[in-house]
Structure formats: structure tokens, C-alpha cells
Amino acid sequence: MLLHRITQHVKAQNWFAVGIDFVIVVVGVFVGLQVQEWNTERKFDAQERSSLAELREEIAGNSAYNEGRRKQMSLIIEAGERAAAALEAKEACLESCKSLIVDVFIASQVMFNPASTTVYDEMKRQGLPRSEAVKTPVERFYAANTGMAAAFENSRPEYRVRVRGHLTIPAQRTLWRACTAVVGGVEEFDPGCNIEFGEEEANEIAHAIHGDTQLLRHLNYWIGMNILWEALLEDLVNYGESAIVAIDAELDGAH
């Protein structure tokens, strides 16, 4: 209809009316484009809010794992310190060698899974999050997790290899069943577990452990690294909390 009217005005050489019609067309196109852009922006904002909520859950899950791993690492350190004290004493166990065997076994544990990054990777692909107040703590959290995972991936402690070489297969089967469990993806240890093999076998294993003159040196190194990683895991937990606080602030401000 508007095109027909413009045609009529051109035929009549009513240039003023043509100009008005042209302005109407331009304004209409402009308004239409603005509405389309506004709708697109609103949809993208809604998508980002939804993605931020998912990212919050991903970070919370990673942080829960990190906190559980930090607690278990404390048990590794405590078991390693008890084992080191027993090895430094250079005395065979008097009543029972089972507690020493449990300690050297728990101290040999290595476990750290990389952080889940599914949501984070997809958001990065889309150029999200856009807010620097959110982007900075989130990137710091995932970068620190990546670095921590790499540190564990490159760790092949000699202590772990040596001490498990002194444990008989039946002893290891008993230790795995009685002293460890995986709960929520985190391996848990029980230093007070009851291992069901005889005193004679325990004494033989303890004798082999005490006879390994290099074991204490490797144990000291390994426990020292765990002390460092325990502190780093605490930092990771704090980074996760900071990222969640930033996401919550962004989501609250978007309402």
C-alpha cells in the first residue's frame, strides 16, 4: 500500500509527499531493525543467565571435589608422618606391624581428577561471560585447576612404586578393600582400618620396608609435595568460592 502511494506521488510529481513517504520507510526499517536487535540481545542475555547458572553448578561440583581431596590429602600427610617416624626409629614394630603397613600404604596414594570444564568451554566458545567481574575469577579458578591436574599427571612418585613393591598381593587386596572407598568421586582412607592378615605376614612385610634404605628419603619427598598441594587445594577452594560469589552477584543484578 505504501509502495502504491509512493508511485502515485511520483506520477503526480508531488516530491514533498514522496519525501515524507521515504522518511516513513526509513524510519520503519530503522525501528524494525532496532526491535530485532533488541529481541536478539534479550535472548542472548537470557542464554547467558542460564549458562551462568549452569557454570555455577559446575564450579560448585569442582570445588566440592577439591575440598574432599584436600581433606584426604591431610590424611595422607598424617599417615606419611607416622610412617616416617617409624622408619627413622629404625626399630622393628614390637606388638603389631599392621599400623605401619596401613600408614605406608595410605601415604602412597595419588589421586586428582581434572576439573569438569564442559560448561566453561562452551561459554568460552560463545564469548561468555561478558562481565570482567565474572570472567576474571572464573578464568583464575579453571586455570589453577588445570595447573594442579598437570602437576599430578606428571607425578610418578618413586615412594609409591617402592613401597607397593614390598606389599604382597594378598596384603594389597586386603588394604584396598578395608582401608579405602570412593565416595562422590573422591577416594577416602581409613587409617584405623582392620586388615585381615596374620602377624607373621605383617612382620615380614614390615621387615622388608625397614630394610629399604632409600624408602624414607622418597617418603620425605612425597609427603613434602603433598604438603604443598594441600595448600594449593585450599587456594583452589577459595578461588571457587570467589567465582561463585561473582556469578551470584551477576545473576542478582540481571533480575
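Contacts in this protein lean on residues far apart along the chain: of those with a separation of 6 or more, 83% join residues 24 or more positions apart. The model behind these numbers is a predicted one. As for what it is built from, the secondary structure adds up to nine helices and two strands. Going along the sequence, these elements run α-α-α-α-α-α-α-β-β-α-α. The protein has 255 residues, and 38% of them count as buried. On the outside, about 14,500 Å² is exposed, with carbon and sulfur atoms supplying 56% of that area.

Next, the disulfide. The count for the protein comes to one, and the partners are Cys179 and Cys193, whose sulfur atoms sit 1.9 Å apart. The link between Cys179 and Cys193 is right-handed, with 75 degrees about the S-S bond. Cys179 belongs to helix α7 (residues 169-179), while Cys193 is in the loop between β2 (186-189) and α8 (199-211), so the pair ties together parts that are 14 residues apart in sequence. Both ends of the link are tucked away, in that Cys179 and Cys193 are each buried.

The two strands bring up another residue, Gly185, which lies in the loop between β1 (180-183) and β2. Gly185 has a relative accessibility of 34%; the partly exposed class runs from 20% to 50%, and Gly185 therefore counts as partly exposed. Setting aside neighbours within four places in sequence, Gly185 is in contact with Tyr65, Met111 and Asn113. For one of these partners there is also a backbone distance: the C-alpha atoms of Gly185 and Asn113 are separated by 9.0 Å, although the two residues are 72 positions apart along the chain.

Met111 turns up again in the largest pocket, where it is one of the lining residues. That pocket holds about 160 Å³ of space. Alongside Met111, the lining takes in Val110, Phe112 and Pro114, then Ala149, Phe152, Glu153, Ser155, Arg156, Pro157 and Arg160. Which helix gives the most to this lining? That would be helix α5 (residues 132-153), with three residues. Sorted by class, the lining of the largest pocket comes out as seven nonpolar, three charged and one polar. Glu153, Arg156 and Arg160 are the charged members of the lining, and Ser155 is the polar one. So Met111 features twice here: as a contact of Gly185 and as part of the pocket lining.

Terms used. Residues are numbered from 1 along each chain as its sequence is written. This is a predicted model: local features need pLDDT of at least 70, side-chain atom pairs count only at pLDDT 80 or more; totals for chains, interfaces and linings use all residues. Side-chain values use heavy atoms; hydrogens and water are left out. On a 1 Å grid over the protein atoms alone, a cavity is a set of points where a 1.4 Å probe fits but cannot get out, and a pocket is an open set with protein on both sides within 12 Å along at least five of seven lines; lining residues have an atom within 4 Å of a point. Grid points are joined across faces, edges and corners, and a volume is the space filled by probe spheres set on the points. Helices (H or I, at least four residues) and strands (E, at least two) are DSSP runs, numbered from the N terminus. Buried means under 20% relative accessible area, exposed over 50%, partly exposed in between (1.4 Å probe, protein chains only). Contact means heavy atoms within 4.5 Å. Accessible areas come from the Shrake-Rupley method with a 1.4 Å probe; for residues, only the protein chains shown count as cover. A disulfide is a pair of cysteine sulfur atoms within 2.5 Å.
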